[in-house]
Amino acid sequence: MNDENNKEPQDKAVDEEVAREMEGVPEHLRDDGEAADEDNGLEEALAKLKGDLDSAMQDVLYARAETQNVRRRLEKDVQDARNYGATSFARDILSVADNLARALDHVPEELREHEKAKNFIAGIEATQRELEKVFGQNGITRIAAKGIPLDPNQHQAMMEVPTDEAEPGTIVQEMQAGYMIKDRLLRPAMVGVAKKPD
């Protein structure tokens, strides 16, 4: 116990001596040297971690946005494939529809009245109606042409027809029907356009 009692006065003497030596030393330099260095090191590490976290959060946001864009593009591609996947087949089948229409247009009136040919022609007309119904079910529609102004997005002018009966630029003749598939051009209508006579 005597040792402990002797130690206390020594500690007090050392504390007083240190206090005397510290007189005149500015407050910010006193005894905080190590603590200040540690605080600065912690603050720098904390600032670096905050910067890394901000950077990582930004990267995550960019990655989410890119993923969402890719998903939207894929959804659009899938929808386009559904809507327009049969475009090539539809173009090919249009020539069949054209030939069927030409055949019916060239049947003479007297043959339509003939008993044996009447049923045959009725069958061809029924086939044409069925083909038009299938076109409609698949979003294939005929482009309006005769009597309207030329639209270069839907019509292809094949010739100019001199006439006073229609305004210049108006379609007066349709050589081949045009078709749309949904909102896209499948085939332009081939037309003759009115022009002023010479």
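This is a short tour of a predicted model, moving from a sheet to a set of salt bridges and ending at a loop.

**The sheet**

Begin by selecting residues 155–162, which form β2, and residues 171–176, which form β3. Together with β6 they make an open sheet of three strands, in the order β2-β6-β3 and with mixed pairing. Because β2 and β3 stand at the edges, each with a single partner strand, one side of each is left without a neighbour in the sheet. Looking across the sheet, you can follow a twist that averages 30° from one strand to the next.

Now add residues 189–195, the strand β6, which runs parallel to β2 and is joined to it by seven bridges. To see one position of this pairing, select Val161 and Ala194, since Val161 stands opposite Ala194 in β6. As background, strands of a sheet pair through backbone hydrogen bonds, and they do so either parallel or antiparallel.

**The salt bridges**

The model holds eight salt bridges, and a few of them make good stops. Select Glu75 and Arg71, whose side chains meet in a salt bridge with 3.1 Å from N to O. Both residues lie in helix α2 (residues 33–84), four residues apart, which is about one turn of the helix. Glu75 is partly exposed, with a relative accessible area of 47%, and Arg71 also counts as partly exposed, at 41%.

Stay with helix α2 and select Asp80 together with Arg184, whose side chains meet in a salt bridge at 3.6 Å, N to O. Asp80 lies in helix α2 and Arg184 in strand β5, so this pair ties together parts that are 104 residues apart in sequence. Arg184 is partly exposed, its relative accessible area being 39%.

Next, select Arg187 and Asp98, which form a salt bridge whose closest N and O atoms are 2.8 Å apart. This pair links distant parts of the chain, with Arg187 in strand β5 and Asp98 in helix α3 (residues 87–105), 89 residues apart. Both Arg187 and Asp98 are buried. Before leaving the salt bridges, add Lys76 to Asp80 and Arg184, because salt bridges that share partners join these residues into one network.

**The loop**

Finally, select Lys182, which lies in the loop between β4 (179–181) and β5 (184–187). What is the sign of phi at Lys182? Lys182 has a positive phi of about 55°, although it is not a glycine. Most residues other than glycine have a negative phi. Lys182 is partly exposed, with a relative accessible area of 40%.

Technical notes: Residues are numbered from 1 along each chain as its sequence is written. This is a predicted model: local features need pLDDT of at least 70, side-chain atom pairs count only at pLDDT 80 or more; totals for chains, interfaces and linings use all residues. Side-chain values use heavy atoms; hydrogens and water are left out. Helices (H or I, at least four residues) and strands (E, at least two) are DSSP runs, numbered from the N terminus. Buried means under 20% relative accessible area, exposed over 50%, partly exposed in between (1.4 Å probe, protein chains only). Two strands pair if DSSP finds at least two bridges between them. Axes are lines fitted to C-alpha atoms, for helices over the stretch in contact, and angles run from 0 to 180 degrees between N-to-C directions. A salt bridge is a side-chain nitrogen of Lys or Arg within 4 Å of a carboxyl oxygen of Asp or Glu.
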